[in-house]
Amino acid sequence: MYRIVEKTPLNPTVTKMVVEAPLIAKKALPGQFVILRAGADSERIPLTVADYDREKGTVTVIFQVVGGGTMELNALKEGESLHDFVGPLGRASELDGLKKVCVVGGGVGCAIALPVAKALHEKGAEVHSVVGFRNQDLVILEDEFRACSDKFVLMSDDGSCGRKGLVTAALEELIQAGENYDEVIAIGPLVMMKFVVAVTKKYNVKTVVSMNPIMIDGTGMCGGCRLTVGGKTRFACVDGPEFDGFEVDFDEAIHRGAMYKDFEAHAREEACNLLNQEVR
Amino acid sequence: MANMSLTKCPMPSQDPEVRSHNFDEVALGYTAEMAVEEAKRCLNCPKKPCHSGCPVGIDIPAFIGKVAEEDFAGAYEVLSQSTTLAAVCGRVCPQESQCEGKCVRGVKGEPVAIGRLERFVADWHREHAHEEPVKAAPNVHKVAVVGSGPSGLTCAGDLAKLGYAVTVFEALHTPGGVLVYGIPEFRLPKELVRKEIATLEAMGVEFQTNMVIGKVLTVDELMEDMGYECVYLASGAGLPSFMGIPGETLNGVYSANEYLTRVNLMKAYRPDSHTPIAKSKSVAVVGGGNVAMDAARCAKRLGAENVYIVYRRSMDELPARKEEVEHAEEEGIIFRLLTNPVEVLGDETGHVKGMKCIRMELGEPDASGRRRPVPVPDSEFVLDVDTMIMSIGTSPNPLIRSTTPGLETNKHGCIVTNGEDGLTSRTGVYAGGDAVTGAATVILAMGAGKQAAAAIHKYIQEK
């Protein structure tokens, strides 16, 4: 069992959870992920490691409540325990040698982008961050991003905070203004990463994306998370989750992500009813 | 008085029409009367050829003799000298190519039903005996077992009997390996696996789940930092192969591992499961092994109307156990033999809507002696399916070999051992089961676990 030592809401739908897992805390690196199960009958859910404290033996995950599984997870309180917590899985981000990087984060993807930006900052790279949210209420980790970024741009779909528009617009402006990035690292919804790549391809700026396909085991034994990268089948859980954005077949990944849409809608409804009953 | 019947005493089983809609065990097992009757078919040969066919070396005539005398507790005692997983092996061993394949009674008529008797004795013991498993006097030596499949469990059990402090590291959240995620409930009830594991725990074996060796801890850390004198690598062959044909990433295409993991480990067949699985009308399972049969029979039970086994050779070359093929046929699985998929077809939403296949014919025998399937020109046709399950084999996961310096592996990714006792190219590191052989059988994995336990004991004693 893995005790929840801290649980903090970051916005109405995004929660930060700090979990006691000393062995994982000792090994985790930016870019890696864990698989967890909230209870004894829960589904296995992959979540990226948002932070870790090797001394305290804790690992932080940040998740958005989007369906049955994350609702169940969010129903757990501080001091309670997760049934299973496995990791660190996947390959760590390759950050060595990068001098100037633009980190692009979208929505809850910012939780994954932050440790990457932080690590780059600590390695002495020049870090520009472009982060986007639907509206002001959903903004997370703004201060943390500002603290590790040489340049910080906040975007919102409706203009309720920062600038109105999508992250791609801000990124393109920066590139056009002559910022010569060694690499762009984009982490967020598949559609966002797809359009970031559409921009960077025009200017031939190397782009790394962190893929988030459906996973079961997360150790390479099932291929549920497979993607086509550079025309080849790759397993995101062992070969990734980060890949060269120019090579990824995003349309296919978007189709595969929607595989269990109906089941998930049903599970969400069920979890809602169940949790509401408990509240009453 | 020997029973000279030429045929095995039949074992009751669920009616195919009923069982193809549930996940309950198909074969129901012998009653005590049936077991005694069948046991009397054993001639108690002095040379006991059956014994040589058992990879874990069970004294078969001895335990069957006890059954014939209605001393079931005594029979269990004989079994447990050689195996810790009798209830499992009696059910899933391919006895026709092991013990029963060597039985003298099989020369004229059917061999003695050794597997069914082993199963009966193990089940009888579970229901009737309540004594605690014996915990050996502990010695001071620590051994780590990586993987809790049949090979790891056997090795752990044998070492625990000798007093070793054994820790089994398992990557998934439930121990048992293929016994829990691969082989379905209707062939091997998971309650049995849980009980076998509980017995090992009572014998002092510690299980640590959620431990991906190669990620959270390396083999070197186990030995250098954590004080394990030996490591037994039994991580299996869990990496699925795909065909590399167009359309394989469409929604509705599964590896058998994924399909079976969702169904068996995550219980996706239960209406209240939190893990989803495809709702299919027509399913094609590509491959002809036991895993393909399991996947096809699961798909049928999940409500698919048409389930096809698509195999590129003919009935005679099917690698699956004969009994499993018969069960599948009885349950209405349709065999599309001498057929090979060339492309998966998708609809506008990116979901499987069909499978383009080509007919095959058997050509000259290849190096392995099997007749090679050759495509028949211009014989392409489309099979209407909405789900496709690839069951064309698995290979060892690269995690351990890529994080263990000096561990020799072959071109297939299998760990190289000295063959005799499972010693790898690293001192103190042993390996066995599918991690060494590539995908094989439960009993071979158990045999390797047994050999390695003996070798580890010898190595530590002589150190």
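**Entry 1. Glu179(A) and its partner**

I looked up Glu179(A) and found it buried, because its relative accessibility is 14% and the cut-off for buried is under 20%. I note here that the model is predicted. The side chain of Glu179(A) meets that of Lys151(A) in a salt bridge, with 2.5 Å from N to O. The two residues are 28 apart and link distant parts of the chain: Lys151(A) belongs to strand β10 (residues 151-156) of chain A, while Glu179(A) sits in the loop between α5 (167-176) and β12 (183-187) of chain A. I then checked the cover on the lysine. Lys151(A) has 34% relative accessibility, so I entered it as partly exposed. I wrote a reminder beside this pair: side chains of opposite charge can pair when their charged atoms come close.

**Entry 2. A pair between two helices**

Next I looked at Lys194(A), which forms a salt bridge with Asp251(A); their closest N and O atoms are 2.7 Å apart. This pair also links distant parts of the chain, with Lys194(A) in helix α6 (residues 190-203) of chain A and Asp251(A) in helix α8 (residues 250-257) of chain A, 57 residues apart. I asked how the relative accessibility of each one counts. Lys194(A), at 27%, is partly exposed, and Asp251(A), at 42%, is partly exposed.

Helix α6 of chain A also holds Phe195(A). I found Phe195(A) in a nonpolar surface patch with Val191(A) and Ile254(A), about 240 Å² in area. Phe195(A) is partly exposed, at 45% relative accessibility.

**Entry 3. A network in chain B**

I turned to chain B and looked up Glu331(B). Its side chain meets that of Arg19(B) in a salt bridge of 2.5 Å, N to O. Glu331(B) is in the loop between α14 (322-330) and β9 (334-336) of chain B, and Arg19(B) is in helix α1 (residues 16-19) of chain B; 312 residues separate the two, so the pair links distant parts of the chain. Both Glu331(B) and Arg19(B) are buried. Which residues do shared salt-bridge partners join with these two into one network? I listed Glu96(B), Arg187(B), Asp294(B), Arg297(B), Arg301(B), Arg321(B), Glu323(B), Glu324(B) and Glu330(B) alongside Arg19(B) and Glu331(B). I also noted the count over all chains, which is 45 salt bridges.

**Entry 4. The open sheet of chain A**

I traced an open sheet of seven strands in chain A, in the order β6-β1-β2-β5-β4-β3-β7, with antiparallel pairing. Which strands stand at its edges? They are β6 (81-82) and β7 (84-89) of chain A; each has a single partner strand, so one side of each has no neighbour in the sheet.

I followed β3 (residues 33-37) of chain A to its neighbours. It pairs with β4 (residues 45-53) of chain A in the antiparallel sense over four bridges, and Phe33(A) has Thr48(A) in β4(A) as its bridge partner. Four bridges also join β3(A) to β7(A), and these two run antiparallel. Here the bridge partner of Ile35(A) is Val86(A) in β7(A). I checked the cover on β7(A) as well: six of its six residues are buried.

**Entry 5. A parallel pair in chain A**

I looked up strand β9 (residues 126-133) of chain A and asked how many of its eight residues are buried. Seven are, so the strand is largely enclosed by the rest of the structure. Its pairing with β8 (residues 100-106) of chain A is parallel and covers seven bridges. Gly106(A) stands opposite Gly132(A) in β9(A).

**Entry 6. From a buried helix to an exposed loop**

I went back to chain B for α12(B), where 10 of 10 residues are buried. Among them are Tyr259(B), Leu260(B) and Arg262(B). Just after α12(B), Lys267(B) takes a positive phi of about 55 degrees.

Asp272(B) is in the loop between α12 (256-265) and β7 (282-286) of chain B. I asked whether Asp272(B) is buried or exposed. It is exposed, because its relative accessible area is 58% and the cut-off for exposed is over 50%. My last look was at its company on the surface: Asp272(B) gathers with Asp41(A), Glu269(A) and Glu270(A) in a patch of negative charge.

Notes. Residues are numbered from 1 along each chain as its sequence is written. Chains are lettered from A and ligands numbered from 1 in the order in which they are written. This is a predicted model: local features need pLDDT of at least 70, side-chain atom pairs count only at pLDDT 80 or more; totals for chains, interfaces and linings use all residues. Side-chain values use heavy atoms; hydrogens and water are left out. Patches are made of residues with over 30% relative accessible area and no salt bridge: like charges are joined within 9 Å, nonpolar side chains (Val, Leu, Ile, Met, Phe, Trp, Tyr) within 5 Å. Accessible areas come from the Shrake-Rupley method with a 1.4 Å probe; for residues, only the protein chains shown count as cover. A salt bridge is a side-chain nitrogen of Lys or Arg within 4 Å of a carboxyl oxygen of Asp or Glu. Lys and Arg count as positive and Asp and Glu as negative; His and the chain ends are not counted. The place of a charge is taken as NZ of Lys, CZ of Arg, CG of Asp or CD of Glu. Buried means under 20% relative accessible area, exposed over 50%, partly exposed in between (1.4 Å probe, protein chains only). Two strands pair if DSSP finds at least two bridges between them.
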